[in-house]
Number of protein chains: 2
Amino acid sequence: MRTATIRDVARAANVSVATVSRAINKSETVATTTRDRVLSAVGSLDYVPHSGARSLATRRTDTVGVLLPDLHGEFFSELIRGIDLGTRAHGLHLLLSHSHGDPAEAAAMLRAMRSRVDAMVVMSPYADAEMLSAAPNGAVPLVLLSSGGEAGAYPTFSIDNHAGAFAITCHLLQGGHRRIAFIAGPENNIEAAERLRGYRAALAQRSDAMFEQVAQGDFGEASGFDAGRRLIAAGVPDAIFAANDMMAIGCLQALREAGLDVPGDVALAGFDDIPVSRFLDPPLTTAAVPIADIGRQALECCIALLGGSASVDHRNFTPALVVRASTSGTREEGKKDGQRS
Amino acid sequence: MRTATIRDVARAANVSVATVSRAINKSETVATTTRDRVLSAVGSLDYVPHSGARSLATRRTDTVGVLLPDLHGEFFSELIRGIDLGTRAHGLHLLLSHSHGDPAEAAAMLRAMRSRVDAMVVMSPYADAEMLSAAPNGAVPLVLLSSGGEAGAYPTFSIDNHAGAFAITCHLLQGGHRRIAFIAGPENNIEAAERLRGYRAALAQRSDAMFEQVAQGDFGEASGFDAGRRLIAAGVPDAIFAANDMMAIGCLQALREAGLDVPGDVALAGFDDIPVSRFLDPPLTTAAVPIADIGRQALECCIALLGGSASVDHRNFTPALVVRASTSGTREEGKKDGQRS
DNA sequence: TTGAAAGCGTTACCAC
DNA sequence: GTGGTAACGCTTTCAA
């Protein structure tokens with residue numbers, strides 16, 4: 001039995017397709033008895049409207065697209081969760097995709113998604129903003145997520161990476177650390193670059209802390225582990241600041257294997273405050289980004305855009321410094337540390 | 001300027017819409033010169049086919065749906081990643097949704113998704129399998145993910161939770177532990193129930209290990225933390241086996257706060273082998289589930305179903321026992337432990 | 001190799 | 001309140 005159409009329902013309920021459509025779409029102008037008859041037919045036929053046909057007629061898809069640079073780790077999982085919270089609240093669907101960090105591929109995905117969504121949330125922290133050309137003439141409302149560059153045309157939600165990194169570094173300096181090493185994020189990644197800048201800016205403040213050492217990473221745990229080993233081999237620093245929590249986790253492992261105590265021998269800090277960070281041993285000092293919140297807000301912004309609101313704001317979130325045991329003397333800090341959204 | 005349609009392209013390229021369609025869909029029967037003309041028109045008009053119209057005509061959406069019970073933590077993030085790997089490889093889109101763990105809501109989501117996807121991967125580890133009635137007469141091919149019950153009609157990918165939990169518990173027993181406590185997953189969750197059964201079965205093997213203590217959790221970190229505290233308060237056990245890694249992480253934190261050494265005072269084991277588990281201190285002994293792999297394979301199974309393959313297999317993955325420092329004497333085990341996919 | 005036209009399943013406008 | 005009927009944009013016969 002082929003899947004039921006609106007005509008089958010109309011036939012079963014003894015009404016016209018127009019009436020069925022109205023009944024389904026909660027139009028006011030349907031007699032209660034008629035509506036009941038229709039709805040019961042819908043039920044017994046197990047009828048589900050063909051979304052393609054509907055979107056053809058209404059020019060809406062009731063779907064928002066999400067394009068992410070990656071899918072590894074809790075950062076993206078939290079982001080997706082936040083966005084999903086929003087789509088669910090508004091009865092929308094969520095089409096997910098990611099670009100492997102390749103701007104050209106991102107552009108292609110953007111094109112491919114364009115006809116399937118009403119709006120999209122795009123995160124593409126790459127210097128080459130060429131990909132945005134894939135969504136010209138505002139075919140689909142776009143909200144950018146910490147996508148660097150002067151993306152003037154689109155509402156943008158970004159993180160003040162510089163401020164966050166600056167704060168972390170200052171915190172380390174205040175803790176008396178002078179030889180502070182940095183594990184950088186992927187090259188060409190704007191957020192990573194900003195965090196590096198923040199680190200450097202903080203060091204530049206103090207003439208007695210002009211030691212600077214940067215190990216390249218890629219935001220993944222493994223790269224943090226490798227970077228940690230290289231840093232240790234080059235001479236154990238006083239502190240290590242990893243450009244994100246995932247790398248800090250990897251680095252922590254490297255330090256542990258080297259028999260170094262954290263924070264006793266080396267202080268360690270990360271960035272993002274992903275959920276597991278508070279559960280590490282020692283709990284990780286980090287710059288807390290309200291990840292899920294940002295996702296949710298970005299989605300709400302999409303909705304506003306769909307509603308015709310032309311406000312193109314650029315909201316900038318300043319991460320909160322969350323000091324945990326990985327940079328403080330006391331190893332037993334416990335749960336009473338910074339809050340996350 | 002309204003978004004370009006196939007007619008605009010046809011006009012621009014001086015051909016019929018039929019020809020444009022053929023050119024775009026890589027039909028063989030189009031003269032090279034014609035195709036080029038069309039493609040260039042497509043490019044200059046920035047034309048993207050209306051997916052709704054297309055799916056109306058072809059009866060395909062080129063999209064697969066994924067319905068998950070939750071979105072928290074690395075387990076689901078890995079699962080999504082694996083599935084995404086598959087959709088991407090096959091040029092399909094991925095529609096994501098989750099049901100807050102409510103079977104009734106899951107049924108609703110299933111209905112809502114039905115017309116928007118060609119197939120779906122559904123994970124609903126709840127006893128009430130009522131939700132599956134939402135996808136009757138095979139309207140959409142379904143692949144089940146560790147959804148308990150005798151879901152005979154659908155291909156199913158499951159984890160041998162009983163065997164995994166049994167293996168973990170035996171490992172603890174072999175380590176000399178006798179008072180082994182268990183932190184259970186959500187009630188009504190079939191996977192959680194199986195893990196509990198496995199734990200009990202292993203204990204039943206040994207007459208000298210009839211101590212049994214179960215603390216209720218919900219698979220979340222926080223619940224693991226709370227459960228850990230309760231267990232400690234009730235008298236520190238020799239070992240604690242948490243029904244998943246997330247709860248083990250929370251529990252680890254509780255043990256740490258209580259000043260207990262792991263594995264010195266209490267051995268600790270989890271289940272799943274999410275990526276961070278190896279980076280904990282101590283690295284966590286766990287039952288390794290090839291999460292991303294399962295996701296990927298489930299997706300491939302969807303593809304096979306679409307291709308008409310009627311093979312309804314029920315693949316069952318037996319988790320591999322991965323022994324790390326959280327249950328062994330040596331705290332410095334390092335990276336040379338079990339592999340994950 | 002190309003074009004004309006008949007659907008595909010809805011919605012929305014216009015009569016009644 | 002309800003029904004008839006053009007769209008909506010694409011694919012796919014069927015002819016030419």
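**Two chains on DNA strand C**

The largest share of the surface near DNA strand C, five residues, is supplied by α4(A). This is a predicted model. Chain A can be superposed on chain B with an RMSD of 0.0 Å. The largest nonpolar core has 182 residues.

**DNA surface**

- The residues around DNA strand C number 25. A:Ile6, A:Ser21, A:Ala53, A:Ala57 and B:Thr34 come nearest.
- Four helices each supply at least two residues of the surface near DNA strand C. In chain A they are α2 (17–24) and α4 (51–58). In chain B they are α2 (17–24) and α4 (51–58).
- By class, this surface has 15 nonpolar residues, nine polar and one charged.

**Symmetry of the two copies**

- A turn of 180° and a shift of 0.0 Å along the axis lay chain A on chain B. The two copies are therefore related as by a two-fold rotation axis.
- A:Gly52 comes closest to the rotation axis among the residues of chain A, at 1.9 Å (C-alpha).
- The same surface serves both copies. Of the contact residues of chain A, 100% recur in chain B.

**Nonpolar cores**

- In soluble globular proteins, nonpolar side chains tend to be buried together.
- Inside the largest nonpolar core, A:Cys251, A:Leu268, B:Cys251 and B:Leu268 have the most contacts.
- Leaving aside neighbours within four places in sequence, A:Cys251 is in contact with A:Ile183, A:Gly224, A:Phe225, A:Ala227, A:Gly228, A:Ile240, A:Ala242 and A:Leu268.
- Another core, of eleven residues, lies apart from the largest one. Among its members are A:Ala4, A:Val9, A:Val20 and A:Val42.

How values were computed. Residues are numbered from 1 along each chain as its sequence is written. Chains are lettered from A and ligands numbered from 1 in the order in which they are written. This is a predicted model: local features need pLDDT of at least 70, side-chain atom pairs count only at pLDDT 80 or more; totals for chains, interfaces and linings use all residues. A nonpolar core is a set of buried Ala, Val, Leu, Ile, Met, Phe, Trp, Tyr and Cys residues joined through C-beta atoms within 7 Å. A residue is buried if 20 or more other C-beta atoms lie within 10 Å of its own, exposed if 12 or fewer, and partly exposed in between; C-beta atoms are placed from the backbone. Two residues are in contact if their C-beta atoms, placed from the backbone, lie within 7 Å. A residue is near a molecule or strand if its C-beta atom, placed from the backbone, lies within 6 Å of it. Ala, Val, Leu, Ile, Met, Phe, Trp, Tyr, Cys and Pro count as nonpolar, Asp, Glu, Lys and Arg as charged, and the others, Gly among them, as polar. Copies are superposed by least squares on the C-alpha atoms of residues with pLDDT of at least 70 in both.
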